[in-house]
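Please open the model in your viewer, and keep the sequence panel beside it so that selections can be made by residue number. The tour below moves from one selection to the next and says what is found at each stop.

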Amino acid sequence: MTLTAPDLPSEALPRLESAATPLTFAAPAGVAPAVAAWVTELAELTRPDRVEWCDGSQAEFDRLTRRMVATGTIEPLASEHRHYSFLARSAPDDVARVESRTFICSEREEDAGPTNNWSEPGAMRETLAGLFAGSMRGRTMYVVPFSMGPVGGAMSRLGVQVTDSPYVVASMRVMTRMGSAALEALRPGTDWVRAAHTVGMPLVDDRGIRRADVPWPCNETKYISHFPETREIFSFGSAYGGNAILAKKAFALRIASVMARDEGWLAEHMLLVRVISPEGRRFHVAAAFPSACGKTNFAMLKPTLPGWRVETLGDDIVWLAPDPDGGLRAINPEAGLFGVAPGTGWATNPTAMETLWGNTIFTNVALRPDGDVWWEGMTDDAPERLLDWRGEDWTPASAEPAAHPNARFTVPLAQCPSVADDWDSPAGVHVDAIVFGGRRRTNVPLVTEARDWEHGVFLGATIASEQTAAAEGTVGELRRDPFAMLPFCGYNMADYFGHWLALGERLRGTGRMPRVFQVNWFRRDEDGSFLWPGFGENGRVLAWMLDRVAGRLPAVDTPLGLAPRLDDLPLDGLELQPGALERLFAVEPAAWRDELDDTEAFFARFGERMPPQLPRQLDRLRTRLGLD
Ligand code: OXD
Ligand code: MN
């Protein structure tokens with residue numbers, strides 16, 4: 001077995017292969033013995049035809065895309081519309097993260113907690129060994145060394161993913177710092193995360209009979225299994241997004257949250273932006289929103305307020321650590337955007353649209369006859385004819401959407417016109433404000449500031465949002481999503497709340513606490529219409545926050561937290577419906593009754609493990625609302 005074996009010509013099918021073929025794997029010179037040994041072990045288990053160590057080069061990417069075009073996994077888009085870009089159509093049943101098949105396999109069940117699927121690690125290892133055995137037969141195993149955060153940065157961490165999906169390799173190249181530099185950084189003694197992935201569709205069966213490949217190989221059976229104590233991830237059966245690009249949700253959130261707990265930092269499902277006022281005052285905001293809740297729009301916000309600017313540092317994941325100068329520093333560990341396409345359009349997010357000029361892998365969007373892409377929300381009017389995400393004819397009269405609601409674009413962050421010049425700096429930025437949001441028709445005001453860190457943790461712990469298409473579930477239903485981390489916290493969420501509280505104690509000692517805010521852009525009137533226009537107008541709320549952080553403005557004490565004096569919100573030039581502003585901040589105790597009971601029941605799920613500060617915050621809120 002060599003690193004350079006050519007692709008098998010299709011006329012070689014079917015072919016008999018001796019199961020006893022000896023395997024030899026030549027790791028590149030200088031690879032840390034632990035990495036080489038792990039790759040060999042996995043190759044011996046999964047039996048690929050060949051092993052390719054990825055260097056992250058353009059030539060390698062070109063080779064992969066050519067291979068995928070040949071197998072029909074991706075098709076090139078017309079270059080006059082999208083330079084060097086591709087469309088992938090997934091299998092129709094491999095379109096989203098599968099939370100029901102996502103497992104935290106901690107040694108003890110209580111360490112996974114009531115919000116995770118726990119599986120006993122020994123039993124899970126046995127199941128996975130059975131599934132992985134021979135799972136890559138007939139395929140190439142790619143070895144993908146990567147760094148989350150700039151290679152060598154103090155807050156960065158390393159990983160290696162093996163995968164038999166070239167689509168995943170190409171995505172990892174966009175989303176992480178992948179290749180030779182990361183491999184070189186993996187010196188003996190350096191910690192790294194092991195991430196093993198297979199689509200679970202071998203091309204050679206037990207009898208050695210070879211079969212033809214399909215454009216999007218995957219398996220009905222799926223496992224996304226995490227072993228937090230040993231920092232390992234095993235993913236079987238899916239090639240889609242967060243199930244398969246293991247650097248993202250699996251490493252940078254689930255495993256990293258455990259590393260962060262153990263080492264005293266935070267791994268969060270947040271965007272990161274720099275807000276700049278007309279006088280050049282700057283502040284940095286990290287904001288947690290449940291999946292597909294306008295996070296990309298916020299990360300690329302174009303404020304309507306004259307002279308204000310937002311620079312993008314990250315759109316999905318932030319790692320925060322105590323800053324030697326006090327407070328918190330933050331990096332975005334990713335290097336790309338894996339954004340939800342539907343709803344992203346010229347009217348709603350022109351910056352994202354400009355980002356997508358080229359070098360983009362689109363997945364499950366619709367294809368126009370002229371070789372460009374389209375999705376719902378991109379333009380006001382739909383083209384007259386399309387191929388939908390399944391590759392079938394589509395017209396505006398079709399009953400189903402043309403793009404899958406969870407269709408995605410994968411694109412380098414550096415291409416974003418609003419990206420901050422220093423987005424790639426290993427030092428990160430000092431965080432001034434942490435924002436929690438959700439999609440809420442009722443109850444939650446446009447903006448509130450937490451009274452203190454503990455109240456801020458309560459606001460984070462009680463985020464709820466209307467369900468979106470990023471995961472399985474009924475779209476529109478209200479789901480609790482504390483810190484927007486429900487599917488991404490690699491350990492017991494009660495301990496996670498405790499970790500946030502403890503970190504607050506530590507930060508208080510440094511004298512530079514980030515302020516905590518809660519926002520809701522989605523509150524509606526009785527007739528169902530939105531009370532707030534959102535998008536670029538959200539910059540007005542950021543402007544108020546900046547003044548609060550600078551200590552320039554007083555706020556009004558309300559039962560829910562500190563609210564703006566309505567005159568302090570910079571609303572010049574904005575036409576709201578009469579009474580909308582008051583409705584946006586209305587505190588309606590009766591409407592809170594059910595929600596507080598639901599919060600109490602949610603907290604009760606954690607039993608004794610729940611830090612007492614949070615039920616205490618709930619009691620205080622009840623009292624303030626006059627509901628006790
Ligand atoms: C995502 C998600 O894919 O949050 O970013 O589901
Ligand atoms: Mn996300």
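The stops that follow are a metal site, a pair of helices and two loop residues, all in a model that is predicted.

**The metal site**

Begin by selecting the manganese ion (ligand 2), and ask which protein atoms serve as its donors. They are NZ of K249, NE2 of H269 and OD of D316, lying 2.2 Å from the manganese ion. Along the sequence, these donor residues of the manganese ion follow the spacing K-x19-H-x46-D. If you now colour by secondary structure, K249 appears in helix α8 (residues 247-263), while H269 sits in the loop between β12 (266-268) and β13 (270-276), so that the pair, 20 residues apart, links distant parts of the chain. Are K249 and H269 buried or exposed? K249 has a relative accessible area of 6% and is therefore buried, since the cut-off for that class is under 20%. H269 is likewise counted as buried, at 1% relative accessibility.

**The helix pair**

Next, select helix α11 (residues 453-461) together with helix α12 (residues 493-510), whose axes lie 10 Å apart and whose packing angle is about 155°. Because an angle over 145 degrees is classed in this way, α11 is roughly antiparallel to α12. The crossing in which α11 passes α12 is right-handed. To see which side chains and backbone atoms to inspect, show the residues that make the contact: W453, E454, V457 and A461 from α11, and F497, W500, L501, G504 and L507 from α12. By residue class, the contact of α11 with α12 divides into seven nonpolar residues, one polar and one charged.

**Two residues with positive phi**

For the last stops, it helps to recall that most residues other than glycine have a negative phi. Select N364, which is placed in the loop between β19 (361-363) and β20 (366-367). The phi of N364 is near 65°, a positive value in a residue other than glycine. N364 is also buried, with a relative accessible area of 0%.

Then move to F535, in the loop between β30 (515-519) and α13 (538-549). Here too phi is positive in a residue other than glycine, with a value near 45° for F535. How is F535 classed by its relative accessible area? At 38%, F535 is partly exposed, whereas N364 is buried.

How values were computed:
Residues are numbered from 1 along each chain as its sequence is written. Chains are lettered from A and ligands numbered from 1 in the order in which they are written. This is a predicted model: local features need pLDDT of at least 70, side-chain atom pairs count only at pLDDT 80 or more; totals for chains, interfaces and linings use all residues. Side-chain values use heavy atoms; hydrogens and water are left out. Donors are N, O and S atoms within 2.8 Å of the metal (3.2 Å for Na, K and Ca); water is not among the atoms, so sites may look incomplete. Helices (H or I, at least four residues) and strands (E, at least two) are DSSP runs, numbered from the N terminus. Buried means under 20% relative accessible area, exposed over 50%, partly exposed in between (1.4 Å probe, protein chains only). Axes are lines fitted to C-alpha atoms, for helices over the stretch in contact, and angles run from 0 to 180 degrees between N-to-C directions. Angles under 35 degrees count as roughly parallel, over 145 as roughly antiparallel, 65 to 115 as roughly perpendicular and the rest as oblique. A crossing is left-handed if the near helix is turned anticlockwise from the far one by less than a right angle, and right-handed if clockwise. Contact means heavy atoms within 4.5 Å. Ala, Val, Leu, Ile, Met, Phe, Trp, Tyr, Cys and Pro count as nonpolar, Asp, Glu, Lys and Arg as charged, and the others, Gly among them, as polar.
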